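I wanted a record of what I looked up in this model, kept in the order in which I went through it. Conventions are noted where they are needed.

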Amino acid sequence: MAEARKDAVVEELPRETSPEESNSALRIRQQEILAELGVLALQGTPFIELLNETARLTAEGLDTKFCKVLEYQPVEARFLVTAGVGWELEVIGKATVGADIESPAGYALKTGKPVISNHLENEQRFRTPELLARHGIKRAMNVILQGDGKPYGVLEADSRLEGEFSVKDISFLQGAANILGMAIERQRIEARLRAALDRNHLLLQEVNHRVNNSLALVASMLHLKAASVDETVRIHLDEASNRITAIARAHQRLYQTEQFEKIEIGPYLEDICQSLAGSLPDCVLHVDVKAGIAIPPDQAIPVALFVNELIANAAKYGSPDQRSEIWIGVVGDDREISVSVRDQGVGLPPDFEPGASRGLGMRLVNAFTSQLGGRLEIRRHDPGAEFILTFPRLDGRDAPGSRAV
Ligand SMILES: Nc1ncnc2c1ncn2[C@@H]1O[C@H](COP(=O)(O)OP(=O)(O)OP(=O)(O)O)[C@@H](O)[C@H]1O
Ligand SMILES: [Mg+2]
């Protein structure tokens, strides 16, 4: 686009152009370049690319081969050539130039004033930096690069041809530097935001780690106590411990996977079943979950607690004299998820009414079903029973009817 416009300008010029005409064509091109740079800066062009484009277009606007972006390095008190055109290959990203007030760039940085030096060899104010001398530079212009904060450095245009940079040229250079300065400021703000985001990420990870550790501690205390009480109390304490472990595992997954918005339900339920296997030695748990179903923690935790209660029941009312086999399955699409728990036990009592149970297990199962905005289906098998919970997927964070149980 820029090239096309440039060509158009060049083509419109008569073959023999007067100095005034070519000067005005250059001024028009300078205006276009400032507009192009503004667009590049606003588009969020990657920073280093923006520096290089600024150097390239600025050189073009000044009809010179040499331009560079100098970044001030406070520790060394020197400038690093971070981007540029016209220079030997090894200069960019490596060469440094003095930033003291006796160098043109240093002067521009220290005073904040634009500097034109059209006769470097006769210059009384500054010495000629070695890099410029080596490239045969005869004249230079420097303007400060500054956003709202500390100066970033200097934008410098150089030429090894006789001639003069004018006041209009330095206004153009300052215009380009102002646009770049704005982009630099934006880049600084973005870097600060990224650092804040990284810190929040770390804190969130730390919080999940601590919640997991604290819950695991409570669960293991209940479990320890269970060893010293009678059978009925032991069962209650172990069940309470298992519920707490199921919640702890969610927090463990959140900090381990570093994905705080979603939990993949398959590995999460496998974790829970693995922990349950310790307290249910007579049960074999089969987990069959479609891979890749990830849901918000607000849904994953009630699902896990739902499964936990049904496994506890299936184990309790399973085949009295044999090992109980329990199947946990999850299927789903982008609309709904179905979770099922099936056993081959004695089967549900004939008068079984899920809403009427006075046991904690079915009360929790009903509460989690309504918390998830789902529906519960109960199937009697021969032998055994199956509970299927179907609930809508959520993109947001809050499950419908979300409430404490
Ligand atoms: N998988 C199952 N197989 C056979 N019967 C079951 C099954 N699940 C539940 N039941 C029956 O439903 C009743 C209610 O279960 P619920 O979990 O609400 O209470 P509980 O297990 O008796 O007590 P709690 O859960 O408070 O320890 C049980 O007492 C049992 O008779
Ligand atoms: Mg129960």
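The entries below go from conventions to the two sheets, then to a helix pair, two loop residues and the ligand.

**Conventions.** I am working with a predicted model, in which local features need pLDDT of at least 70 and side-chain atom pairs count only at pLDDT 80 or more, while totals for chains, interfaces and linings use all residues. Residues are numbered from 1 along each chain as its sequence is written, and chains are lettered from A and ligands numbered from 1 in the order in which they are written. For secondary structure I use DSSP runs numbered from the N terminus, helices being H or I with at least four residues and strands being E with at least two.

**Entry 1, the sheet of 6 strands.** I looked up the strand order first and found an open sheet that reads β3-β2-β1-β6-β5-β4, with antiparallel pairing; two strands pair if DSSP finds at least two bridges between them. β3 (96–98) and β4 (115–117) are the edge strands, each pairing on one side only. On average, neighbouring strands in this sheet are turned by 30 degrees against each other, direction ignored; the angles run from 0 to 180 degrees between N-to-C directions, with axes fitted as lines to C-alpha atoms, for helices over the stretch in contact.

**Entry 2, strand β6.** How many residues of β6 are buried? I find that 8 of the 9 residues in this strand, which spans 151–159, are buried, where buried means that 20 or more other C-beta atoms lie within 10 Å of the residue's own, exposed means 12 or fewer, and partly exposed is in between, with C-beta atoms placed from the backbone. On one pairing, β6 runs antiparallel to β1 (residues 66–73) and is joined to β1 by 6 bridges. Within that pairing I noted F66 opposite D158 and K68 opposite E156. On another, β5 (residues 139–146) and β6 pair in the antiparallel sense over 8 bridges, with V143 opposite L155, and a hairpin of 4 residues joins β5 to β6.

**Entry 3, the sheet of 5 strands.** This open sheet has mixed pairing and the order β8-β10-β11-β13-β12. Its edge strands, each pairing on one side only, are β8 (283–289) and β12 (375–380), and its neighbouring strands are turned by 15 degrees against each other on average, direction ignored. I then followed R342 across the sheet: this residue of β11 stands opposite W327, and its bridge partner in β13 is E386. The strands concerned are β10 (residues 324–332) and β11 (residues 336–343), which run antiparallel and are joined by 7 bridges, while β11 and β13 pair in the antiparallel sense over 7 bridges.

**Entry 4, strand β13.** In a regular strand the side chains alternate between the two faces of the sheet. Which residues of β13 (residues 385–392) point to the buried face? A385, F387, L389 and F391 do, whereas E386, I388, T390 and P392 point to the other face and are not buried. β12 runs antiparallel to β13 over 6 bridges, and L376 has L389 as its bridge partner. The hairpin of β12 and β13 has 4 residues between the strands, and there G384 takes a positive phi near 100 degrees.

**Entry 5, helices α7 and α9.** Two packed helices are described by the angle between their axes and the distance between the axes. For α7 (residues 231–257) and α9 I read an angle of about 150 degrees, with the axes 10 Å apart. That angle makes α7 roughly antiparallel to α9, since angles over 145 degrees count as roughly antiparallel, under 35 as roughly parallel, 65 to 115 as roughly perpendicular and the rest as oblique.

**Entry 6, two loop residues.** P46 lies in the loop between α2 (19–42) and α3 (47–61), and counts as exposed because it has 9 C-beta neighbours inside 10 Å. D333, in the loop between β10 and β11, also counts as exposed, with 10 C-beta neighbours inside 10 Å. From D333 to R393, 60 residues apart along the chain, the C-alpha separation is 8.6 Å.

**Entry 7, ligand 1.** I count 17 residues around ligand 1, the closest being Y317, G359, L360, G361 and M362; a residue is near the molecule if its C-beta atom, placed from the backbone, lies within 6 Å of it. α9 (297–316) and α10 (360–371) each supply at least two residues of this shell.
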